Amino acid sequence: MALTEYLIGQVLESGEKRFAALREFFPNAKQEDWRLEVAGQRVQIIKKDPTHGGILQFGTELVSAADRSIVAMLGASPGASTAVWIMGQIIERCFAEKLKEGGWSVKLKEMIPSYGQSLAENAALCQQVRAETAAVLNINNIKEVVTQ
């Protein structure tokens with residue numbers, strides 16, 4: 001019920017409230033420089049559940065044919081922060097043989113040096129990736145990774 005109330009509230013939110021939310025992220029925004037575009041509400045996934053009949057989930061899920069000939073993404077559209085990871089999952093799921101024998105993993109590691117490694121478990125690699133990304137994006141205030 002809380003999710004339904006939230007989604008209805010988002011749809012009915014006034015232009016002023018939407019602009020106030022924008023200004024939380026971009027304080028210098030001027031209302032005359034912006035226009036509202038109706039893009040619809042975020043799509044969710046409803047999965048079967050033996051106890052509840054169905055469970056509403058956020059995010060995305062990949063579903064593929066048993067023979068891996070086709071794959072679909074269900075749920076909310078991915079943002080830039082997840083699109084590469086999702087594509088990696090599709091490649092691993094549908095083209096596993098190419099990764100092993102076709103040399104695709106070499107090309108992926110060339111394009112994504114951290115491919116196949118955990119940034120959460122390797123603080124030095126995480127710091128290296130952050131520094132390289134910051135240099136490309138001209139970001140000068142990157143913080144060090146704190147290890148415990």
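1. Contact range. Among contacts between residues at least 6 apart in sequence, 21% join residues at least 24 apart. The model is a predicted one, so every value here is computed from predicted coordinates.

2. Fold layout. The protein has six helices and four strands. Along the sequence the order is α-α-β-β-β-β-α-α-α-α. Two helices thus open the pattern, the four strands follow, and four helices close the pattern.

3. Burial and surface. The protein has 148 residues, and buried ones make up 14% of them. The exposed area of the protein is about 12100 Å². Carbon and sulfur atoms supply 57% of that area.

4. Ser14. This residue sits in the loop between α1 (2-12) and α2 (15-25). A polar atom of the Ser14 side chain lies 3.1 Å from the backbone nitrogen of Lys17. The pair falls within the 3.5 Å limit for a polar contact. Is Ser14 buried, partly exposed or exposed? Its relative accessibility is 30%, so Ser14 counts as partly exposed. The band for that class lies between 20% and 50%.

5. Salt bridge. How many salt bridges does the model hold? The count is one. The partners are Lys107 and Glu110, with their closest N and O atoms 3.3 Å apart. That distance is within the 4 Å cut-off.

6. Setting of the bridge. Where do Lys107 and Glu110 lie? Both are in helix α5 (residues 104-111). They are three residues apart there, so about one helical turn separates them. On accessibility, Lys107 is partly exposed at 44%. Glu110 is exposed, with a relative accessible area of 56%. The two residues therefore fall on either side of the 50% line that marks exposed residues.

7. Cysteines. How many disulfides does the structure hold? The number is zero. A disulfide is a covalent bond between the sulfur atoms of two cysteines. Cys94 is buried, its relative accessible area being 10%. Cys126 is buried as well, at 12%. Both values are under the 20% limit, which is why these cysteines are classed as buried.

8. Points to check in the viewer. Start with the loop that holds Ser14, between α1 and α2. Then look at Lys107 and Glu110 in helix α5. Finish with the buried residues Cys94 and Cys126.

Conventions
Residues numbered from 1 in each chain as written. Predicted model: local features only at pLDDT ≥ 70, side-chain atom pairs only at ≥ 80, totals over all residues. Heavy atoms only, no water. Buried < 20%, exposed > 50% of the residue type's maximum accessible area, 1.4 Å probe, protein only. Polar contact = N/O pair within 3.5 Å; in protein donor to acceptor, adjacent residues only side chain to side chain. Salt bridge = Lys/Arg side-chain N within 4 Å of Asp/Glu carboxyl O. Disulfide = S-S within 2.5 Å. Contact = heavy atoms within 4.5 Å. Areas by Shrake-Rupley, 256 points an atom, 1.4 Å probe, with all protein chains shown as cover.
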